[in-house]
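Trainee: I have a model open and would like to learn how to read its cavities and helix contacts. Could you walk me through it?

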Amino acid sequence: RDRFSDRQFCRQHFHTCNEDEIEWINMLDRMHCFIFHRHARHSNSNQEQDEKYQENDDVDENEQYEHKNDTHDDNLCYNSILNKWTTNLAATDNLSIFNDALYKRHKYETPQHLLKEYSVGQKMNYCYRSYTRFDNLKDELLAKGLLLDFWDIELKKARKKVLQSKKVYHRACNANNDHYQFRFWDRMRIEHVLALLFYCNHSWLCYEFRKSFRAALHSDEEPQSTIDRHYAEWYWFGRFLYEAVEFYGKRMEKSKKYYFGVDSAYVLRSTKCELFQPTSTSSELAQAEKFATSKYGRGIVFELGTQFVHESVRNETRFMECDWISIYPEEEECLFFGYCNTILITSIRVWGNAALATVAELLAAYPFFSERTAQTVAHCICAYDGRAYQGWIDLPFQVNAINYWAKISTGYAGHSEYNVKVDERRFALRKTQQFLADMIEFELSEQKTLQDIGSGYLRYVQQLFHHFVFTKTGKQYQSTYLPLYDIDFRNIRNEPLYPCLRQYLLIDADCEDKSKWVINASTIERIYPKATRYVDQNGNLQSLSN
């Protein structure tokens with residue numbers, strides 16, 4: 001067969017040569033084979049299944065792949081559960097971009113399709129030097145394919161900036177650190193300028209460097225193996241770039257917002273954004289929206305803010321403004337890189353029916369309209385008037401509600417410094433808790449499906465909340481001051497909870513006496529299906545039967 005013949009090519013793809021249409025046809029073909037011909041996969045061995053899965057599916061670099069053996073019970077109720085977490089690709093909001101990673105949910109014991117998870121990378125600690133293949137930065141970058149001529153060019157630029165640029169001269173170290181051997185007022189050195197130049201101006205090098213923070217696709221690589229591989233291949237580049245951002249960067253201001261776009265719809269384990277891998281953001285929203293747009297469609301844009309509202313030692317996140325060193329100054333790039341971040345995702349922008357979102361936001365501003373009621377009325381209005389146009393939809397209220405749940409369920413209940421809005425009319429506490437109660441009700445229901453939620457962007461928010469609670473196990477993590485747990489309801493008695501939310505958290509939802517509030521372990525076990533323990537209202541660690 002002549003694969004380069006236009007006639008043969010058109011015959012294979014329904015007489016079209018349009019690349020976008022062909023991409024959609026291939027995507028729908030793969031979905032059709034996976035859903036309706038899934039039984040054919042069981043005739044092969046597990047190894048053959050994995051090989052076919054890897055060959056036939058396109059996987060993004062940030063996708064975390066997990067493939068588990070299917071059981072007979074899974075096959076019997078697969079079709080009934082599939083509709084709960086999948087939506088029609090032809091939906092107006094164009095947010096139903098799902099991957100093929102299979103997850104187990106203990107309450108269903110059946111596989112489900114979820115959106116891809118955005119990976120923040122493994123935590124690196126460069127002060128403890130382990131094995132590295134190279135003795136210096138030059139050998140390390142040349143081994144990756146960098147031409148010697150480009151090294152000489154960037155070295156001349158770095159020397160010039162160190163000697164002449166006021167941006168370098170006035171940058172002094174902001175901390176004393178014995179591990180990295182830094183002292184207050186130490187000047188930025190040439191190796192730090194070089195690392196910034198290569199990261200900002202060589203996209204392919206930036207891509208390969210960021211990829212080293214994650215395990216290889218379709219591999220069972222352990223986190224420590226990923227860390228050792230990164231140290232061996234990228235130690236000097238990673239160390240100098242980290243030192244440049246952490247010791248010579250600026251502190252994140254509570255009044256400023258930073259944006260970064262990704263080209264697909266992702267879910268997150270937490271809205272507390274620990275960016276262990278270097279992440280380029282922009283202070284201009286239009287630049288982030290441009291990066292979230294590709295030839296395959298539009299993804300989402302994350303809005304970043306500080307985790308705490310007051311200027312205190314809690315907000316120690318550092319970033320580097322790169323407009324003075326980048327060859328793309330119009331991007332206003334701000335580089336985040338470190339493991340002591342206190343960053344919070346304060347809003348997410350998605351692409352969808354902007355007319356519907358605008359009408360729903362106007363209705364939700366009234367106190368007698370809940371979020372779901374406003375959506376229903378907005379659907380009727382837009383359907384009657386024929387209003388429908390595509391645009392970016394901002395979701396500050398919905399993300400703020402998830403942040404409020406993160407606050408009360410991860411050990412920060414009663415903290416007034418946590419960056420959650422509850423005073424403004426649009427972000428009223430009662431409306432926020434009612435929206436959370438609706439999401440929890442959907443999560444616990446076995447009859448409702450995503451089709452019952454009217455708009456595509458609310459379906460995305462529901463899946464964002466689902467992934468947030470599904471990935472929590474009760475493990476311990478280190479906060480700014482003290483160790484906490486990812487399911488931690490200490491100080492919950494300091495929160496003004498309304499009955500709509502109390503019914504899912506407390507044993508006696510009608511009790512108004514806060515001193516008698518007791519966390520309902522059975523409901524917590526249903527909300528968090530993978531949890532093995534949690535911290536109760538008194539700060540005591542309790543076990544779950546999961």
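Mentor: Happy to! Let's begin with a term: a cavity is a set of grid points where a 1.4 Å probe fits but cannot get out, and its lining residues have an atom within 4 Å of a point. Keep in mind that this is a predicted model.

Trainee: How many cavities of 30 Å³ or more does a search of the whole structure find?

Mentor: The search finds two. Let's look at the second largest cavity, whose volume is about 40 Å³.

Trainee: Which residues line the second largest cavity?

Mentor: Its lining consists of Lys123, Met124, Tyr126, Tyr242, Phe276, Phe337, Gly338 and Tyr339. Sorted by class, that gives six nonpolar residues, one polar and one charged.

Trainee: Thanks. Now for helix pairs: what do I make of a crossing angle?

Mentor: Angles of 65 to 115 degrees count as roughly perpendicular, while those under 35 are roughly parallel, those over 145 roughly antiparallel, and the rest oblique. Try helix H7 (residues 148-164) and helix H9 (residues 190-201): their axes come within 9 Å and cross at roughly 125°.

Trainee: Which word describes H7 and H9, then?

Mentor: At that angle they are therefore oblique to each other, and their crossing is right-handed. On the H7 side, the contact includes Phe150, Trp151, Leu155 and Ala158, and these belong to a set that meets H9 residues including Ile190, Val193, Leu194 and Leu197. The contact of H7 with H9 has 10 nonpolar, one polar and four charged residues.

Trainee: And where does H9 pack against helix H10?

Mentor: H10 spans residues 203-211, and it packs with H9 at an angle of about 100°, the axes being 5 Å apart. That makes H9 roughly perpendicular to H10. Phe198, Tyr199 and Asn201 of H9 make the contact with Ser203, Leu205, Cys206, Phe209 and Arg210 of H10. By class, these residues divide into five nonpolar, two polar and one charged. Notice that Phe198 and Asn201 also appear among the H9 residues that meet H7.

Trainee: Could we do one more pair? At what angle do helices H15 and H16 cross?

Mentor: The axes of H15 (residues 396-409) and H16 (residues 429-444) cross at roughly 80° and come within 9 Å. That makes H15 roughly perpendicular to H16. Among the contacting residues are Phe397, Ala401, Tyr404 and Trp405 of H15, along with Leu429, Phe435, Leu436 and Met439 of H16. The class count here is 10 nonpolar, four polar and one charged.

How values were computed:
Residues numbered from 1 in each chain as written. Predicted model: local features only at pLDDT ≥ 70, side-chain atom pairs only at ≥ 80, totals over all residues. Heavy atoms only, no water. 1 Å grid on protein atoms, 1.4 Å probe; cavity = no way out; pocket = protein on both sides within 12 Å on 5 of 7 lines; lining within 4 Å. Points joined across faces, edges and corners; volume = space filled by probe spheres on them. Nonpolar A, V, L, I, M, F, W, Y, C, P; charged D, E, K, R; others polar. Axes fitted to C-alpha atoms, helices over the stretch in contact; angles between N-to-C directions. Helix = DSSP H or I, 4+ residues; strand = E, 2+ residues; numbered from the N terminus. Left-handed = near helix turned anticlockwise from the far one by under 90°. Contact = heavy atoms within 4.5 Å.
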